[in-house]
Each structure stands twice: as structure tokens, then as C-alpha cells.
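Let's go through this one the way you'd grill a colleague at the bench. Each label gets challenged, and each answer has to earn it.

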Amino acid sequence: QDRQSGDLLVRRLSTSGQTVILASRSAASLQAQIANGSHYLWSQALLIGLAGAILTLLVYPRQSSSRRVLERALHSGQMFLLYQPVVDLQSGQCIGAEALMRWRQQDGSTLGPDVFIPLAEQLQLSDRISDCACQIIARELPALLQRVPDFHISVNVSAQELNTFAIVQRLVELRQRLRLQPSQLIAELTESSLAEAERALPVIRQLRANGISVAIDDFGTGYCSLSYLATYPFDILKIDKSFVSAAGTDSIIGPIAEHIVTLSKSLGVAALAEGIETPEQAENFRRQGVALAQGYYFGAPMPMAQLLERVQGPAQS
């Protein structure tokens with residue numbers, strides 16, 4: 001600041017050592033501009049704060065209401081399980097099932113997990129959904145295990161659950177309660193959940209160390225499928241239904257299913273073909289040596305009572 005005029009100066013020393021004035025500004029005008037700018041910023045901050053408060057008042061009640069509705073559904077028995085059969089392709093016998101959560105609405109309609117699982121993750125309620133599923137399995141599966149002692153059951157695990165070891169304890173308790181042998185309880189993980197979880201690897205290792213098998217669901221639909229195979233230990237590779245339906249056709253993705261089967265054999269893990277809808281598809285994968293399959297050809301997701309009838313019936317021809 002120049003002592004005589006009070007102006008603010010920007011100076012730079014030249015090569016000769018003399019001072020060169022690059023810019024000057026009246027201190028009084030600068031102070032006035034700063035004051036005007038402050039008033040403007042304060043007014044903008046006030047408007048933004050007011051808008052944020054209004055948005056909070058609008059959104060929070062909705063989230064709070066959604067949370068209450070979902071919690072009520074968990075407590076009132078609106079959540080229930082359907083079981084989709086998993087068959088041994090060589091024998092045609094139903095040897096296991098995937099447990100799929102459903103939400104029964106007041107009008108009798110049913111919501112699938114693609115609707116309420118994202119909501120549960122948003123509201124930090126994934127563990128409550130998982131706990132509910134395990135409680136239902138513990139209640140319904142014993143009747144089936146009495147008839148088929150080596151029957152295995154698959155449970156879907158969300159990305160949120162892979163960030164803590166709570167899912168390990170929950171599944172270990174379920175296995176102990178049902179007295180399941182190693183590999184009879186399977187945790188199914190999608191590639192997207194592996195990408196989202198920050199600490200999935202130690203959780204997966206703990207699952208397998210406690211006799212719980214791990215399956216990668218919808219394999220081939222993620223962004224880094226091969227990197228997952230090198231990173232995460234697993235026991236079952238589930239071939240996505242889009243590749244299964246395209247197998248044996250002229251589609252550009254037709255050969256992918258066969259490559260995945262070859263990959264599973266080289267890794268020494270079981271392959272499971274999802275979405276089998278025709279006897280031709282079943283025979284195609286049986287000839288390739290695929291051990292397991294599921295799909296509407298073998299049975300749609302069904303209640304436990306119907307699954308009991310299914311396992312008691314004749315083998316699928």
C-alpha cells in the first residue's frame with residue numbers, strides 16, 4: 001500500500017533492480033467492492049440455506065416414511081421367501097434352491113428385490129432384510145432337510161453387507177442352527193456388489209473359512225469379471241441367463257457361455273447355468289459338463305410347501 005496515496009499497488013522488481021508498478025487500485029474502492037460482494041454472498045448463502053431447509057423438510061419425511069413402511073413390513077410378516085430349484089444336470093434331481101425375498105403389499109401384489117433392496121440399502125436396512133431372510137430359512141428349511149439332508153440353500157448378499165463382518169456371523173449362526181455341512185450354505189454375490197464393497201475380500205475369506213461357499217452371480221455382466229476371478233476366492237460361477245439364452249445361436253454373444261464353462265473347469269470351480277428355459281438348453285449345457293442349472297424349465301420361484309413336493313417328485317427327464 002502506497003503510504004502517500006493509500007492505493008494498493010502490485011509491484012515487481014525489474015532486472016535492473018527498479019520497481020515496476022504492474023497495477024494499482026484505490027483502497028477505498030476495493031473495500032467498497034468487498035463489502036458489496038459480502039452482502040451478495042450472504043444473501044446467496046441465505047437463499048441456499050433456505051432452499052436446503054425446504055428440501056430437507058420435503059425429503060426427510062419421505063425417507064422417514066419409507067423407513068417406517070419397510071420396518072413395518074419386516075415386523076408384520078409381509079416379507080416372505082420363494083425358492084427357485086437348483087438341479088444336478090446329470091441326474092435331473094433337485095439338490096438345492098436359491099432363496100429369493102419378496103414383499104407382499106396390502107392389495108395382494110408382490111414386489112421383487114429389484115424394487116426394495118435399493119431402498120433398503122439407501123436406508124441402511126440391508127442387514128435387517130438379510131436377518132429376516134435367515135430367520136425364515138431357519139424356520140422353513142428343517143422340514144425339507146429331514147427328507148433331503150444334503151440339500152443346499154443359497155442366500156443373496158448385498159454390497160452393503162460385504163463392508164462388515166456381520167453377514168459372516170449371521171450365516172454362521174444359520175449354518176449352526178440348521179446343522180448344515182460345509183458347502184450346504186452358499187452366499188451369492190454379484191459382480192456389482194464386489195465392485196461397490198470396500199472390504200469384500202476379508203469378508204469372503206471369513207465366509208469360506210467358516211464352511212460357507214461363495215458363488216459369483218450374473219458372471220460376465222460386470223466390468224472387471226476376470227480381475228474378480230484373480231482377486232476373490234469362490235466356489236461356484238453362475239453363468240448369466242443372457243449368455244445361456246444366446247448359447248448355440250448366431251448371436252455375437254453366443255460363444256461366451258461355452259468360454260465361461262471352459263474357464264470354470266480351468267479354475268476348478270463348479271459352473272451353474274442360470275435361466276434355463278428349454279430342454280435343448282439343458283441338454284446343451286449337460287453335454288458341456290456343466291454340473292448345475294436353474295431356470296423356469298426346472299421350476300419358477302416357489303413357496304416351501306411346493307418345493308417339498310418338487311423334491312419328492314420324480315427326477316426331471
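Q: How many salt bridges are there by this rule?
A: The count comes to 10 salt bridges, and keep in mind that the model is a predicted one.

Q: What makes Lys238 and Glu98 a salt bridge?
A: Their side chains meet with N to O at 3.3 Å, and the cut-off is within 4 Å, so the pair qualifies. Lys238 sits in strand β9 and Glu98 in strand β4, so this contact ties together parts that are 140 residues apart in sequence.

Q: Why is Lys238 called buried or exposed?
A: Buried, because its relative accessibility is 0% and buried means under 20%. Glu98 gets the label too, because it comes in at 7%.

Q: How do you know that Glu161 and Arg170 count as a pair, and what about their burial?
A: The closest N and O atoms of Glu161 and Arg170 are 3.7 Å apart, and the limit is 4 Å, so they count as a salt bridge. Glu161 has a relative accessible area of 7%, so it is buried, and Arg170 is buried as well, with 14%.

Q: What makes Arg286 and Glu283 a salt bridge, and how far apart are they in helix α10?
A: For Arg286 and Glu283 the closest N and O atoms are 2.7 Å apart, and that is within 4 Å, so the pair passes. In helix α10 (residues 279-287) these two are three residues apart, which means about one helical turn separates them.

Q: Why are Arg286 and Glu283 labelled as they are for accessibility?
A: Arg286 has a relative accessible area of 30%, so it is partly exposed, and Glu283 is partly exposed at 30% too. The label fits because buried needs under 20% and exposed needs over 50%.

Q: Which residues do salt bridges with shared partners join into one network?
A: Glu98, Glu188, Asp217, Lys238 and Glu274.

Q: How do you know that β9 is paired with its neighbours, and in which sense?
A: Pairing takes at least two bridges. β8 and β9 have three, in the parallel sense, while β9 and strand β10 (residues 270-273) have four, also parallel. Phe219 has Ile239 of β9 as its bridge partner, and Lys238 has Leu272 in β10.

Q: Which way do the residues of β9 point?
A: Ile236 and Lys238 point one way and Leu237 and Ile239 the other, and all are buried.

Q: What makes the phi of Ser183 and Asp218 stand out?
A: Most residues other than glycine have a negative phi. Ser183 is not a glycine, yet its phi is positive, about 80°, and Asp218 has a positive phi of about 55° without being a glycine either. Ser183 belongs to the loop between α4 and β7, whereas Asp218 lies in strand β8. Both count as partly exposed, because Ser183 is at 43% and Asp218 at 25%.

Q: How much space lies in the largest pocket, and which residues are closest to its centre?
A: About 1,000 Å³. Of the 40 lining residues, Glu98, Leu100, Pro113, Asn156 and Asp217 are the closest to the centre.

Q: What is the lining of that pocket made of?
A: The residues divide into 16 nonpolar, 11 polar and 13 charged. α2 gives the most, with six residues, and the elements that supply at least two include β3, β4 and α3.

Methods: Residues are numbered from 1 along each chain as its sequence is written. This is a predicted model: local features need pLDDT of at least 70, side-chain atom pairs count only at pLDDT 80 or more; totals for chains, interfaces and linings use all residues. Side-chain values use heavy atoms; hydrogens and water are left out. On a 1 Å grid over the protein atoms alone, a cavity is a set of points where a 1.4 Å probe fits but cannot get out, and a pocket is an open set with protein on both sides within 12 Å along at least five of seven lines; lining residues have an atom within 4 Å of a point. Grid points are joined across faces, edges and corners, and a volume is the space filled by probe spheres set on the points. Ala, Val, Leu, Ile, Met, Phe, Trp, Tyr, Cys and Pro count as nonpolar, Asp, Glu, Lys and Arg as charged, and the others, Gly among them, as polar. Buried means under 20% relative accessible area, exposed over 50%, partly exposed in between (1.4 Å probe, protein chains only).
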